[in-house]
Amino acid sequence: MLLSEQAYRDIDREIAKYPADQKQSAVMAALTIAQGEQGWVSTEVIRDVAAYLGMPPVAVQEVATFYNMYNTKPVGRYTLTICTNLPCALQGGTQAAEHLKRTLGIDFHETTPDGLFTLVEGECMGACGDAPVMLANGTHMCCRMQPEKIDALIGALKESA
């Protein structure tokens, strides 16, 4: 087994939410748990989740590659996803993305040499009124991300690393 005992207990808790013959319905939750522990979902993790859920690995791979919340390649400790859709772009999202690229020295879908940051271009995050918006590690919504707020966030994340 590839994951920790706690991860499998967490997956079992998700499986229990479905009828016994439909445990594959927990595939998204299982991938989320695995990614939370491993940082990304490797081919080995996908095979392990598939075996645990009694699914063909290709079916789990299809889920992992269809949804953009799963990282199928290694990422930095912090993933910064900036929205560049039209409402955010009109409110400075494109400039915020360019500032992030310059500050971090990377482009979209790249990771800083120190392994701390991965930069991702995101789709609408449903917070157009707070544009430009950014997600840190897929869970922390950051609003009105002007250069000074971006710099403060990056500094705080570096300090906590």
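## Asp 48, a buried charge

Let's begin with Asp 48, which sits in helix 3. Everything described here comes from a predicted model. What surrounds this residue? Leaving aside residues up to four places away in sequence, Asp 48 touches Met 1, Leu 2, Leu 3 and Tyr 8.

Does Asp 48 count as buried or exposed? Asp 48 is buried, and yet no salt bridge is formed by this residue. The nearest side chain of opposite charge belongs to Arg 47, and that side chain is 8.8 Å away. A salt bridge needs a side-chain nitrogen of Lys or Arg within 4 Å of a carboxyl oxygen of Asp or Glu, so Asp 48 is left without one.

## Helix 1 and its covered face

Tyr 8, one of the residues touched by Asp 48, leads us to helix 1, which covers residues 5-15. Which residues of helix 1 are buried? They are Ala 7, Tyr 8, Ile 11, Glu 14 and Ile 15. Viewed down the helix axis, these buried residues fall within an arc of 110°, so they line one face of helix 1. In general, an α-helix has 3.6 residues a turn, so residues three or four places apart point the same way.

What covers the buried residues of helix 1? The cover includes helix 2 (27-38) and helix 3 (43-53). Helix 3 is also where we met Asp 48.

## Salt bridges within helices

Side chains of opposite charge can pair when their charged atoms come close. How many salt bridges are there in this model? The count comes to seven.

One of them joins Asp 10 and Arg 13, whose closest N and O atoms are 2.4 Å apart. Both residues belong to helix 1, where they are three residues apart, about one turn of the helix. Asp 10 has a relative accessibility of 21%, so this residue counts as partly exposed.

Helix 3 holds another pair. Glu 44 forms a salt bridge with Arg 47, with 3.9 Å between the closest N and O atoms. Here too the partners are three residues apart, so about one helical turn separates Glu 44 from Arg 47. Glu 44 is partly exposed at 44% relative accessible area, and Arg 47 is partly exposed at 45%.

## A small network of charges

Further along the chain, Asp 107 and Lys 101 form a salt bridge, and their closest N and O atoms are 3.3 Å apart. Asp 107 is partly exposed, with 35% relative accessibility, whereas Lys 101 is buried, with a relative accessible area of 18%. Which residues does the network join? Salt bridges with shared partners link Glu 98, Lys 101 and Asp 107 into one network.

## Backbone features in the loops

Most residues other than glycine have a negative phi, and most peptide bonds are trans. Where does this model hold a cis peptide bond? The bond joins Ala 131 and Pro 132, with omega at about -5°. Pro 132 belongs to the loop between strand 3 (117-122) and strand 4 (134-136).

His 109 has a positive phi, near 65°. This residue lies in the loop between helix 6 (93-104) and strand 2 (110-111). With 62% relative accessibility, His 109 counts as exposed. Asn 137 also has a positive phi, near 55°, and is found in the loop between strand 4 and strand 5 (140-142). Asn 137 counts as partly exposed, at 39% relative accessibility.

## The whole chain

Now let's step back. How many helices and strands does the chain have? There are seven helices and five strands. Read from the N terminus on, the elements follow the order α-α-α-α-β-α-α-β-β-β-β-α. The C-alpha trace spans about 50 × 30 × 25 Å along its principal axes.

The chain has 161 residues, and 42% of them count as buried. Among contacts between residues at least 6 apart in sequence, 60% join residues at least 24 apart. The accessible surface comes to about 8900 Å², and 53% of this surface belongs to carbon and sulfur atoms. Finally, the chain carries 12 positive and 19 negative charges, and the mean positions of the two groups are 2 Å apart.

Conventions. Residues numbered from 1 in each chain as written. Predicted model: local features only at pLDDT ≥ 70, side-chain atom pairs only at ≥ 80, totals over all residues. Heavy atoms only, no water. Helix = DSSP H or I, 4+ residues; strand = E, 2+ residues; numbered from the N terminus. Buried < 20%, exposed > 50% of the residue type's maximum accessible area, 1.4 Å probe, protein only. Contact = heavy atoms within 4.5 Å. Areas by Shrake-Rupley, 256 points an atom, 1.4 Å probe, with all protein chains shown as cover. Lys, Arg positive; Asp, Glu negative; His and termini not counted. Charge placed at Lys NZ, Arg CZ, Asp CG, Glu CD. Arc of directions from axis to C-beta.
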